[in-house]
Amino acid sequence: MIKLNVKFEDKIINGQATYNSEDGNLDFIPKLNSDISLLISYINIGFDSIQMTANQVWGFTPKESWHKKNLISPSNIQKGKIELEGDFESGTWRLDKKEMWLTYYDSEQNWLCFGDFTNDSSDKCVEFLDNVVAVIDNDQHLKSLWVKPKPEIKR
């Protein structure tokens, strides 16, 4: 499995996650070069192969596939970055090979959660883009991706 390192720091990539409910596309503005992608369902986490750090989120997530749920967002979120551990060539690497991760949506808080929405006190929760949080477990694996896009998602 792909391992991720978390570096907590006060600096993150500023921008905005957006969601287009007409075509089901999730994007992050500004668009930055990312030539390595980790794929969850049809959502990409883009990495810059020079620094090996995550700098983008984009993909296709039709709202018809979301599971409505009252989510409790991670409480121990810190700003920082996530880095790929090891050598990776440019390309796409699927994280959910065993089974497709589900997408959960909380209409009150406007959070989308891709993957496991449960929170463990030992999880590392890093906001690496504005309103985009990666939850990394003790084994350095991505447990979930939380995105709060603008404008508000209508459902």
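**Exercise 1. The largest pocket**

Describe the largest pocket of this predicted model by its volume, by the residues nearest its centre and by the classes of residue in its lining.

*Solution.* Begin with the volume, which for the largest pocket of this predicted model is about 370 Å³. Next, turn to the lining, to which 15 residues contribute, with Met 1, Leu 95, Asp 96, Lys 97 and Trp 101 lying nearest the centre of the pocket. Finally, sort the lining by class, which gives 8 nonpolar residues, 6 charged residues and 1 polar residue.

**Exercise 2. The second largest pocket**

Which residues are the closest to the centre of the second largest pocket, and which element gives the most to its lining?

*Solution.* The second largest pocket has a volume of about 270 Å³. Its lining is made up of 13 residues, and those closest to the centre are Ile 13, Gln 51, Thr 53, Ala 54 and Lys 81. To assign the lining to secondary structure, look for elements that give two or more residues, which are β6 (53–60) and β8 (77–84); of the elements, β6 gives the most, with 3 residues. By class, the lining of this second pocket holds 5 nonpolar, 4 polar and 4 charged residues.

**Exercise 3. Glu 83 in its strand**

Is Glu 83 buried or exposed, and which residues beyond its neighbours within four places in sequence is it in contact with?

*Solution.* First place the residue: Glu 83 belongs to strand β8. Then compare its accessibility with the cut-off, under which a residue counts as buried below 20% relative accessible area; Glu 83 has 16%, and is therefore buried. Lastly, set aside the neighbours within four places in sequence, and the contacts of Glu 83 that remain are with Lys 3, Leu 4, Asn 5, Lys 7, Phe 47, Met 52 and Thr 53.

**Exercise 4. The chain as a whole**

How many helices and strands does the protein chain have, and why does its radius of gyration agree with that of a compact globule?

*Solution.* Count the elements to obtain 0 helices and 14 strands. For the overall dimensions, note that the C-alpha atoms fill a box of roughly 40 × 35 × 35 Å along the principal axes. A compact globule of 155 residues would have a radius of gyration near 15 Å, and because the protein chain has 14 Å, the two agree. Among contacts with a separation of 6 or more, 69% are between residues 24 or more positions apart. As for burial, 46% of the 155 residues are buried, while the accessible surface of the chain comes to about 8200 Å², of which carbon and sulfur atoms account for 47%.

Methods
Residues are numbered from 1 along each chain as its sequence is written. This is a predicted model: local features need pLDDT of at least 70, side-chain atom pairs count only at pLDDT 80 or more; totals for chains, interfaces and linings use all residues. Side-chain values use heavy atoms; hydrogens and water are left out. On a 1 Å grid over the protein atoms alone, a cavity is a set of points where a 1.4 Å probe fits but cannot get out, and a pocket is an open set with protein on both sides within 12 Å along at least five of seven lines; lining residues have an atom within 4 Å of a point. Grid points are joined across faces, edges and corners, and a volume is the space filled by probe spheres set on the points. Ala, Val, Leu, Ile, Met, Phe, Trp, Tyr, Cys and Pro count as nonpolar, Asp, Glu, Lys and Arg as charged, and the others, Gly among them, as polar. Helices (H or I, at least four residues) and strands (E, at least two) are DSSP runs, numbered from the N terminus. The radius of gyration is taken over C-alpha atoms; the globule rule is 2.2 Å times the number of residues to the power 0.38. Buried means under 20% relative accessible area, exposed over 50%, partly exposed in between (1.4 Å probe, protein chains only). Contact means heavy atoms within 4.5 Å. Accessible areas come from the Shrake-Rupley method with a 1.4 Å probe; for residues, only the protein chains shown count as cover.
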